[in-house]
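Let's take a walk through this protein, starting with the whole chain and then stopping at a few spots inside. Keep the viewer open as you read.

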Amino acid sequence: MKKSIYLLAIALQLVACSDFLEVAPKGVLSEDQVSSADKVENTVISVYSSLGNDHYDAPFSLWPYGNVRSGDAYKGGRDEGDIQNFYFLETFKNVRSDFGELDVLWFKLYSGISRANSSLRILNTLTEAEFAKKPVREAEVRFLRAHFYFQLKILYKYIPYIDESVAIADYPTISNRDLSNDELWEKIAEDFQFGVSNLPVSQPEIGRANKAAATAYLAKTRLYQAYEQDEKHNVTNINKARLQQVVDLINSIPATYGLEPDFADLFLPGAAENGRESLFSVQFSKDDGTMFGRLNFGDVLSTPMGIGCCDFHKPSKNLANSFKTDANGLPLFDTYDANPLDINADKVDPRLNHTIAIPGLPWKYDLSDIYQRSWNRTPDVYGEYASLKENVCKSCYTQVGPFYGNTKNRIIIRYADALLWKAEALIELGGAANLNEAREIINSLRTRSANSTQKLIMPDGTDQADFNVGLYTNQASWTQDFARTALRWERRLELAMEGHRFFDLVRWGIADTYMNAYFTTEKSKIAYLKNGQFTKNRDEYCPIPDNQMRFSKGVYVQNYGY
């Protein structure tokens, strides 16, 4: 699974250029050349390879879209002009459909879909007698295709859906509005359901999708599908039947999966990379025969300048403040952002120190390597924090040009995330039993956090901070409204900087109120946020890129508000 081959990946948005495609490209393989049982395995591997074919300005971790747009992170870099379009996305100002970053991300995600469709067309020419693994490999490829479509869906909402049955000549006739919002979700769900029905419980090779991965991703799809939206992206209904599907699916995940005992292990190279909490992860590598190795090039910009380059993806002060707790170890829902975090005085949730590098504390648990303010590129603009989860110890990096990449897995779905989907569904379903079960789930994550302090020590053996995490115990106050607040707060703490936050806000239908409240309080503290303004019924999704609109020759319809 660490190897990759390069196939003819026909970019879906370029297929209208038939004269160009009639010229056989060099250095690639045609479908005819790999349409045999002994070679079809390579086509499947090529789809897995697409998971790592992102780039620092088109990252599949979606950090500019899920974290920076949510107020959990600042863009970072040199200043606002460094990858300026990410700054525009951060403030929701001057966001245009001609942004190259939006077009490249669309292209790369559809390239993965193109590889999947090519592989499926080849698999469909074979019988199980010719290729015994056909059902499993087909399920893997459909799982991966659904993953790429899921990413596109949460970014752009209305997207053209093309599967292996569509003739290449027909691509230009397919509109991004041929399917409704719900119908697009259903297409994605069908691929994951096929995976649930056909994937094995375990795979002999690490990195391949299995039944649990498909089950979890189907649950995530049903959760998003439950929050029904109109044309203007308003949440008009929460579908209870879909929510119950989420609960049932998460309940069917085998007991071999669960929470890692120590939160720290989730974000370290080593045994826990594909451990009991990892439902599906992208596998990276080096020294594998490729030119630069299969490093995580999508997140290389997050490396602090004290290590290499380029100090992007900076945790916000607002995010850091959200980890503060009261005397009972519970979140400060209403007052958390009133004063700046004081790591030497405030009580905090330990997940703060696992997520955010703070000057004066060890970098990635290395007691001999203390993170310094001087590691920051422009601390007067973007502050003095750095993102920890996607980064590694200094000696664990591989330098490629000015960038420092690493081979630590990128977790797509972890068990804690799945538990929180279940808790969310239970809360929205309502009822005393459901609310109590959701509380138990949330408390299980808080208990794990409280027990994850062994690595959070200073060189003299003392704790890095005053860690204090309490549980929700007052059943009388655990109303649906309070439970919803606690759940949404817990998702922020547990999954901070992992690329989910903005998409949560949109799913809940609160992106406008949340982000504008954030800008109101933060613009007096962060000068470059002074013009930040979220426009409801537009900024929930990115615009369809201009290049794609032109390539479609008028078939695509632009998202509302652009």
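What follows goes from confidence and overall build to one helix and then to two loop and strand residues.

First, some housekeeping. This is a predicted model, in which local features need pLDDT of at least 70 and side-chain atom pairs count only at pLDDT 80 or more, while totals for chains, interfaces and linings use all residues. Residues are numbered from 1 along each chain as its sequence is written, and side-chain values use heavy atoms, with hydrogens and water left out.

How far can you trust it? The pLDDT (the predictor's confidence in each residue, from 0 to 100) averages 93 over the protein chain, and 94% of the residues score at least 70. Residues 1-22 are another matter: their pLDDT is below 50, although the stretch has 56 contacts in the model beyond near neighbours in sequence. A contact here means heavy atoms within 4.5 Å. Where pLDDT is low, predicted coordinates should not be read in detail.

Now zoom out. The protein chain holds 18 helices and 14 strands, counted as DSSP runs numbered from the N terminus (helices are H or I with at least four residues, strands are E with at least two). Its radius of gyration is 23 Å, close to the 24 Å that the globule rule gives for 562 residues, so the chain is as compact as a globular protein of that length. That radius is taken over C-alpha atoms, and the rule is 2.2 Å times the number of residues to the power 0.38. Along the principal axes, the C-alpha atoms fill a box of roughly 65 × 55 × 45 Å.

What about the inside? Of the 562 residues, 61% count as buried, meaning under 20% relative accessible area with a 1.4 Å probe and protein chains only (exposed is over 50%, partly exposed in between). Among contacts with a separation of 6 or more, 72% come from residues 24 or more positions apart.

Next, find helix α4, residues 84-91. Seven of its eight residues are buried, so the helix is largely enclosed by the rest of the structure. The buried ones are N85, F86, Y87, F88, L89, E90 and T91. They pack against α3 (63-67), β1 (73-76), α5 (100-123) and α17 (511-522). Just after α4 comes F92, with a positive phi near 60°. Within the helix, take N85: this residue is buried, with a relative accessible area of 16%. Leaving out residues up to four places away in sequence, N85 touches F99, G100 and E101.

Now jump to Y397, in the loop between β10 (386-387) and β11 (398-400). Buried or exposed, at 10% relative accessibility? Y397 counts as buried. Setting aside residues up to four places away in sequence, Y397 touches T303, I307, W363, N391, V392, Y404, G405 and N406.

Finally, look at A386 in strand β10. At 1% relative accessibility, A386 is buried as well. Beyond its neighbours within four places in sequence, A386 is in contact with P304, K314, P315, T355, I356, A357, W363 and Y371. The C-alpha atoms of A386 and R373 are separated by 9.7 Å, and the two residues are 13 apart along the chain. W363 is worth a click, since its name appears among the contacts of Y397 and among those of A386.
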